[in-house]
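Welcome! Please take a moment with the sequence and the model shown here before reading on.

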Amino acid sequence: MDKIDGVMTVAQARKRYAGNWMALEVVSRDKNQFPRTVRLIAKARDQRKLHEKVRTFAGNCIAFAGPVVPKGKVALF
C-alpha cells in the first residue's frame, strides 16, 4: 500500500516503529472489525509517556510494536 497522508497497514506500522508504543487512528477495518489501515498519531518508548501525549484524543488505538518478551528474556506469570 502506498503511503497516502500517513496511512499504512498495521504490519507496516509495527515494522516501522518497532520497539515503540503507538497511538493509531484506525482508517479502515477488515471483515472482523480489526484495524486494517491506520495513521500514526504519536509514538513513545514508554506507555505512560504515550498516554500523556494522546489523552485528549478520542477513539485511538494503542499498540506495542515489538515482542512482549524481548528475545533472550523470560517472563514468569
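What follows is a short tour of strands, cores, a charged pair and a loop.

Please keep in mind that this is a predicted model.

**The strands around β2**

A good place to begin is strand β2, which covers residues 20–29. Strand β3, residues 35–44, runs antiparallel to β2, and eight bridges join the two. Strand β4, made of residues 61–65, also pairs with β2 in the antiparallel sense, this time over five bridges. M22 lets you see both pairings: this residue stands opposite K43 in β3 and opposite A63 in β4. Where β2 and β3 form a hairpin, five residues lie between the strands, and Q33 there takes a positive phi near 70°.

**The nonpolar cores**

Which residues make up the largest nonpolar core? There are eight: M8, A13, Y17, M22, L24, V38, A63 and A65. Strands β2 and β4 each supply at least two residues of this core. A second core, separate from that one, has five residues, including A23, A42, A44 and L50.

V38 is a nice residue to click on. Leaving aside residues up to four places away in sequence, V38 touches G6, V7, M8, T9, V10, A13, L24, E25, V26 and V27. Among these contacts, M8, A13 and L24 belong to the largest core along with V38.

**One charged pair**

Side chains of opposite charge can pair when their charged atoms come close. How many salt bridges does a search of the whole structure find? The search finds one. The partners are R39 and E25, whose closest N and O atoms are 3.1 Å apart. R39 lies in β3 and E25 in β2, so the salt bridge ties together parts that are 14 residues apart in sequence.

**A loop residue**

A58 sits in the loop between α2 (47–54) and β4. Although A58 and E25 are 33 residues apart in sequence, their C-alpha atoms are 9.4 Å apart in space.

Are the two salt-bridge partners and A58 buried or exposed? The table gives the values.

| Residue | Relative accessible area | Class |
|---|---|---|
| R39 | 25% | partly exposed |
| E25 | 34% | partly exposed |
| A58 | 76% | exposed |

A58 counts as exposed because its 76% relative accessible area is over the 50% cut-off. R39, at 25%, is partly exposed, and so is E25, at 34%.

Definitions and conventions
Residues numbered from 1 in each chain as written. Predicted model: local features only at pLDDT ≥ 70, side-chain atom pairs only at ≥ 80, totals over all residues. Heavy atoms only, no water. Salt bridge = Lys/Arg side-chain N within 4 Å of Asp/Glu carboxyl O. Helix = DSSP H or I, 4+ residues; strand = E, 2+ residues; numbered from the N terminus. Buried < 20%, exposed > 50% of the residue type's maximum accessible area, 1.4 Å probe, protein only. Core = buried A, V, L, I, M, F, W, Y, C linked by side-chain atoms within 4.5 Å. Contact = heavy atoms within 4.5 Å. Pairing = 2+ DSSP bridges.
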